[in-house]
Amino acid sequence: MLTMLVGLSACTQSKKTAASVGAAGGRHKFSYTNPITRDTAISMRDHFIIKVGRQWFCTGTSMPVWSGPNPGVRLLVSDDLIHWRQHSWLIDGKKLPANCPYNGRFWAPEIHYIQKKFWLTVNSGQVTAEDPKGMKTHSVWLFSSDKVTGPYKLVNGPLTPHYNNDATLFEDEDGQTYLYCSGNGLWQAKIDLPTGKLVGEVQQFRGAKDANNPGWMVGGIEGPFVLKRDGTYFMFFSTWTRGYEVGLLRSKSPLGPWELAAPEPIFGTRKREYRAEMARNGGYSNLQFTDTPDPYQETGHNAIFEGPDGQLWSSCHYFFDQRIPGLADWQKVPQMGFEPLHFRNGIFAIDGPTWTEQTVRY
């Protein structure tokens, strides 16, 4: 088994529900069509999936993202990866007191199984009259539980002294653990999980406009996720420069130095008219590129999980191009999507994004 499977789920069993037994030779077949969820009630961004036992659980950024009261940290559950339902609120925003220091946006939560416990990272800040979204104090908070469904107890927070977001955790083969996050670039630090304290200071190691960056990164970078294969560390990250795309870094050390593993994004969607004003204001509207043929305006901020075939898959939000006429209500908000993760020519690859029926046999 690949070393990065460790910690991605609490169990490696697959279930035969949506993955039914194929007619030929007793082979299994899993069919799916993105987006997977088609329900405004459970719409999210930044989908993070973890397999525990015979079920998959998912959390992410619930709507509304930018305005209005953010409801909290939602947990979805599925028996077959296709049909998803609301399980619970790991953090219910309505139940938090007014002086709670993490009652703001609840962006991009993740759940990692490390050292026989479930660790929930939440990105949020404190709502005040002067800061109704809590963005001035927005940073990373760490919770833990003996069960994926909670209850989760606060371990420590904020973990960093300034704005940080999109936190993720990684456990190396030697048991050392690391925190990666974004916030005007990508950041990293070693972390002691039992206390939730960083070992040393969190350091920014890559900015969107660094001199050695290609043009497709200059708009902004976020959403790190780290895997290890054959002694090499790989970091997925997202950029919103040309739409929403996933890039890949690699390193021989968990704290870098990191270099681009591929000269172009390995996944995502490009739409020139999407965020065109942001491109003009950011000074990169002159970038030359062709729109991707998919019907989406965003596919990104991915995370990796164990799929129905016991292999690694990539999940993220799939958001339809809002210029398409006649969209249904569920198509007007982000929904869950996923694709198999491949390893080719020494790097990870994700085919897609897809929008027609796909079948994986195993």
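## Close-up views of a predicted model

**View 1. Surroundings of E222 in the predicted model.** Leaving aside neighbours within four places in sequence, E222 is in contact with D166, S182, L186, F237, S238, W240 and Y244. The residue belongs to strand β15, which covers residues 221-229. E222 is buried, at a relative accessible area of 17%. The cut-off for that label is under 20%.

**View 2. The annotated pair, D46 and E222.** An unreviewed UniProt entry gives both residues the annotation "active site". They span 177 residues in sequence, yet no two of their C-alpha atoms are more than 11.0 Å apart, so the two gather at one spot. Both D46 and E222 are part of the lining of the largest pocket.

**View 3. Surroundings of D46 in strand β3.** The strand runs over residues 44-52. D46 has a relative accessible area of 9% and is buried. Residues up to four places away in sequence are not counted among its contacts here. Beyond them, D46 touches T59, G60, T61, A108, H301 and H317. With T61 there is also a polar contact: the side chains of D46 and T61 are joined at 2.7 Å.

**View 4. The largest nonpolar core, with I111 and F236.** In soluble globular proteins, nonpolar side chains tend to be buried together. The largest core in this model has 43 residues. I111 and F236 have the most contacts inside this core. Strand β21 (residues 312-320) supplies the largest share, 4 residues. Around I111, the contacts beyond four places in sequence are F48, I50, T59, L75, L90, F118, W119, L120, V148 and Y152. A second core of 16 residues is separate. Its members include M44, I49, W56 and F305.

**View 5. The aromatic pair of Y102 and W141.** A search of the whole structure finds 24 aromatic pairs. In this one, the ring centres of Y102 and W141 are 5.2 Å apart and the planes are at 55°, so the pair is tilted. Y102 sits in the loop between β6 (84-92) and β7 (107-114), and W141 in strand β9 (residues 139-145), so the pair ties together parts that are 39 residues apart in sequence. Y102 and W141 are both buried.

**View 6. The aromatic pair of Y180 and W258.** This pair is edge-to-face. The rings lie 6.3 Å apart centre to centre, with 85° between the planes. Y180 is in strand β12 (residues 177-182), while W258 is in the loop between β17 (243-251) and β18 (259-260). The pair thus links distant parts of the chain, 78 residues apart. Y180 is buried at 0% relative accessibility. W258 is buried too, at 10%.

**View 7. An aromatic cluster of F30, Y32, F305, W313 and F338.** These residues form one cluster. F305 also appears in the second nonpolar core.

**View 8. P295 in its loop.** The loop lies between α1 (276-282) and β20 (296-306). P295 is buried, with a relative accessible area of 18%. Not counting residues up to four places away in sequence, P295 touches F320, D321, I324 and W355. W187 is 108 residues from P295 along the chain. The C-alpha atoms of P295 and W187 are separated by 32 Å.

**View 9. Cis peptide bonds at P64 and P151.** Most residues other than glycine have a negative phi, and most peptide bonds are trans. A cis bond joins M63 and P64, with omega about -5°. P64 is in the loop between β4 (55-62) and β5 (72-78). Another cis bond joins G150 and P151, with omega about 5°. P151 is in the loop between β9 and β10 (153-156).

**View 10. Positive phi at L81 and D230.** Which loop holds L81? L81 lies in the loop between β5 and β6. Its phi is near 75°. L81 is buried, with a relative accessible area of 0%. D230 has phi near 50°, again a positive value in a residue other than glycine. D230 belongs to the loop between β15 and β16 (232-239). Is D230 buried or exposed? At 64% relative accessibility, D230 counts as exposed.

How values were computed. Residues numbered from 1 in each chain as written. Predicted model: local features only at pLDDT ≥ 70, side-chain atom pairs only at ≥ 80, totals over all residues. Heavy atoms only, no water. UniProt positions renumbered as here; feature names shortened; annotations may be inferred. 1 Å grid on protein atoms, 1.4 Å probe; cavity = no way out; pocket = protein on both sides within 12 Å on 5 of 7 lines; lining within 4 Å. Helix = DSSP H or I, 4+ residues; strand = E, 2+ residues; numbered from the N terminus. Buried < 20%, exposed > 50% of the residue type's maximum accessible area, 1.4 Å probe, protein only. Contact = heavy atoms within 4.5 Å. Polar contact = N/O pair within 3.5 Å; in protein donor to acceptor, adjacent residues only side chain to side chain. Core = buried A, V, L, I, M, F, W, Y, C linked by side-chain atoms within 4.5 Å. Phe/Tyr/Trp six-rings, centres within 6.5 Å; stacked < 30°, edge-to-face > 60°.
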